[in-house]
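User: I am new to this structure. Please show it and walk me through its interior.

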Amino acid sequence: MDAAFTEEQDEIRRTLRALLDKRCGPDEVRAAVRTPAGYDEALWRQLAEQLGLPGLALPAAYGGAGCGPTELALACEETGRAVLPAPLIGTAVLAAPLILALGGERRRAELLPALAAGQLTAALVVPGGQLGAALALTGPNDGDWAGGGRAGGIQARWSQEHGGGEPRAGGGWRLYGEAEQVLGGHTADVLVVAAHAGGFARSRTLLFTVRAKGPDGAEAPGLLRTRQTAMDETRPQARIELRDVDAELLGEDSSGGDGATDAVAAALAATGATAAACLAAEAVGAADAALSRTVGYVKERTQFGRPIGSFQAVQHRLADLYVAVQAARSAAYYAAWAAGGGRAVPEPGAGALALAQALEALRAVAAEAVQLHGGIGFTWEHAAHLYFKRAACDELLLGPVHRLRARAAEQAGLFASGGGDGTDAGALVGPAVHAAVGA
């Protein structure tokens, strides 16, 4: 692994940081999250038009920049520093890669250029709050996370109103059900929905696309979206209700057979590896910004006639946080490199472990930031609480941490007696696993 970044990668970081420093301070963040959209739409258009942020990891053939997970993770690190409220994660990290992996040429050409240009936003709809399991980060994504074909979740059926017979490309699928805690779901133009088809006997989990808004801007018939109250307002979430909503199967196999099921599981797992790396980098950026603010404050705040940063106990606490942030940054970079095909043999669990380490670092830094800012740090209006809320809610997005580590250990065979072919289990554990467990 070459740990040095290219000139282009450094430029992505510098340009994005310069723009966000001007346009996304704590006051601007608070103003943006209280708008109906939950983010600054003008800033999002600027990020799309000037920097191509939504299409950073999409191929140039579909209007993207042709970069990979590493560049996307570096961008997320900068958005994390500013605690940027934006549909970046839902659009560029979760939904667009699934459309790219599973959509036919027609669907890609129809959706990806508009997503890359910032003209459309997207969200991944997973029922039951099982996003981590769906992305194979906290458990096997064998389909049971979506309801197992039983009551609940989201069900897909072929509507006879569209001509009957076998499903065919171009329509005919209808979705019925609901999902909570959909990231950015209240404003997304395109919904990528995980739903069960085939009933109980032939239950299988497939992905569908729903155009949430028509050409006139009206909601799709049967679709009801409600923005939910969230502790972290910079991560707006929504309740999605689907009442016989028209949908289109995402995939080449319009019948949704077993091959389609396997392709969906593989695409979700690959998306999960990238998403974990990006969210880890974002958490590292937030932790680094919170730590910098805290260091600046303890240099200025005086007690007993001297800056509190001159006390050895405070210095030790900050030094421990610095080490934690740097270790999490290294893990996040490694996970992004691995997700982009850096390893000849894929390393399952690298993203999950990096995310677990970054979330713990952010949680520790955010808690200490509140404490070391003293009385002012306990007021909700202080900037420290933007990071505190992000730390508290991020662990619930794809975590919790102990499940991320347990799943990575299971994939690596860490607690098995052998690799199944006579190989020692320890040989199956990659560098990221060793680093995270302290081996």
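Analyst: Contact here means heavy atoms within 4.5 Å. Helices (H or I, at least four residues) and strands (E, at least two) are DSSP runs, numbered from the N terminus. The model is predicted: local features need pLDDT of at least 70, side-chain atom pairs count only at pLDDT 80 or more, and totals for chains, interfaces and linings use all residues. Residues are numbered from 1 along each chain as its sequence is written, and side-chain values use heavy atoms, leaving out hydrogens and water.

User: What do the buried residues of helix 2 pack against?

Analyst: Buried means under 20% relative accessible area (1.4 Å probe, protein chains only). In helix 2 (residues 26-33), the buried residues are V29, R30, A32 and V33. They lie on the same side of helix 2 because they cover an arc of only 165° around the axis, taken from the directions from the helix axis to the C-beta atoms. Their packing partners are strand 6 (223-228) and helix 11 (384-398).

User: Which helix gives the most to the largest nonpolar core?

Analyst: A nonpolar core is a set of buried Ala, Val, Leu, Ile, Met, Phe, Trp, Tyr and Cys residues joined through side-chain atoms within 4.5 Å. The largest has 101 residues, and L47, L135 and L207 have the most contacts inside it. With 18 residues, the top contributor is helix 8 (residues 258-300).

User: Which residues does L207 touch, not counting those up to four places away in sequence?

Analyst: L207 is one of the residues with the most contacts inside the largest core. Its partners are L98, L102, V192, V193, A194, E248, L249, L250, V264 and L268.

Notes
Buried < 20%, exposed > 50% of the residue type's maximum accessible area, 1.4 Å probe, protein only.
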